[in-house]
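Please take the sequence and the structure below side by side, and follow the paragraphs with both in view. The path starts from a single side chain and widens from there.

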Amino acid sequence: MSDRTTVRDPFFDIVKFVAMFLVVVHHCVSRGVIACPPYVKNFTVGMNMPLFFILSGYFSRRMIATCDWRKLFAHLKGYLLPLAVLSFVTIAGSSVVKHR
């Protein structure tokens with residue numbers, strides 16, 4: 001266990017809740033569980049993705065400041081290479097299916 005104590009900021013807890021709620025609403029709207037006008041889907045996508053990026057950047061700034069960059073890039077390479085291959089296969093497969 002760690003000796004340090006962290007104080008949670010309720011503002012960030014609320015923002016994270018709103019972002020997660022928007023993801024749930026978006027998934028329900030896009031799958032037809034909730035009948036809503038198209039602008040609701042556009043709003044949820046337009047709000048939750050930037051919120052996640054901003055929150056991720058905010059919470060990762062301490063890690064970036066004290067980071068061993070070689071270790072980080074080695075770690076990311078293990079994720080990015082499979083992601084690139086999977087993305088290529090998915091895009092190629094979807095284009096083949098669409099052109100049938």
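Thr44 has its place in helix H2, where helices (H or I, at least four residues) are DSSP runs numbered from the N terminus. This is a predicted model, in which local features need pLDDT of at least 70 and side-chain atom pairs count only at pLDDT 80 or more, while totals for chains, interfaces and linings use all residues. Residues are numbered from 1 along each chain as its sequence is written, and side-chain values use heavy atoms, with hydrogens and water left out.

Is Thr44 buried or exposed? With a relative accessible area of 2%, Thr44 is buried, the term buried meaning under 20% relative accessible area, exposed over 50%, and partly exposed in between, for a 1.4 Å probe and protein chains only. Leaving aside neighbours within four places in sequence, Thr44 is in contact with Leu22, Val25 and His26, contact being defined as heavy atoms within 4.5 Å. With His26 there is also a polar contact of 3.3 Å between the two side chains. A polar contact is a pair of N or O atoms within 3.5 Å; within protein, one must be able to donate a hydrogen and the other to accept it, and residues adjacent in sequence count only if both atoms are side-chain atoms.

The partner, His26, lies in helix H1 and counts as buried at 15% relative accessibility. Not counting residues up to four places away in sequence, His26 touches Lys41, Thr44, Val45 and Asn48.

From His26 the view can be extended to the whole of H1. The 21 residues of H1 should span 30 Å at 1.5 Å a residue, and the end C-alpha atoms are 30 Å apart, which agrees; the expected span is 1.5 Å times one less than the number of residues. Within H1, the buried residues are Phe12, Val15, Ala19, Leu22, Val25, His26 and Val29. These residues cover an arc of only 145° around the axis, which puts them on the same side of H1, the arc being that of the directions from the helix axis to the C-beta atoms. An α-helix has 3.6 residues a turn, so residues three or four places apart point the same way. What covers the buried residues of H1 includes H2, whereas the face of H1 turned away from its buried side carries the exposed residues Pro10, Ile14 and Phe17.

Several of these buried positions return in the largest nonpolar core, which has six residues: Phe12, Val15, Ala19, Leu22, Leu51 and Leu55. H1 (10–30) and H2 (38–65) are the elements that give two or more residues to this core, and H1 gives the most, with four residues. A nonpolar core is a set of buried Ala, Val, Leu, Ile, Met, Phe, Trp, Tyr and Cys residues joined through side-chain atoms within 4.5 Å. In soluble globular proteins, nonpolar side chains tend to be buried together.

On the H2 side of the core, Leu51 is buried, with a relative accessible area of 19%. Apart from neighbours within four places in sequence, Leu51 is in contact with Val15, Ala19 and Leu22. Val15 in turn touches Leu51 and Leu55, again not counting residues up to four places away in sequence. The C-alpha atoms of Leu51 and Val18 are separated by 9.0 Å, although the two residues are 33 residues apart along the chain.

How many aromatic pairs are there? The count comes to two, where rings of Phe, Tyr and Trp (its six-membered ring) pair if their centres lie within 6.5 Å, and planes under 30 degrees apart count as stacked, over 60 as edge-to-face and the rest as tilted. Phe11 and Phe12 form an edge-to-face pair, with 5.4 Å from centre to centre and 70° between the planes. In this pair Phe11 counts as exposed at 52% relative accessibility, whereas Phe12 counts as buried at 14%. The rings of Phe17 and Phe21 have their centres 6.2 Å apart and their planes at 25°, so this pair is stacked. Both residues lie in H1, four residues apart, about one turn of the helix; Phe17 is exposed, with a relative accessible area of 52%, and Phe21 is partly exposed, with 47%.

Finally, Ser30 lies in H1 and counts as partly exposed at 35% relative accessibility. The side chain of Ser30 reaches the backbone oxygen of His27 at 3.2 Å. Just after H1, Gly32 takes a positive phi of about 85°.
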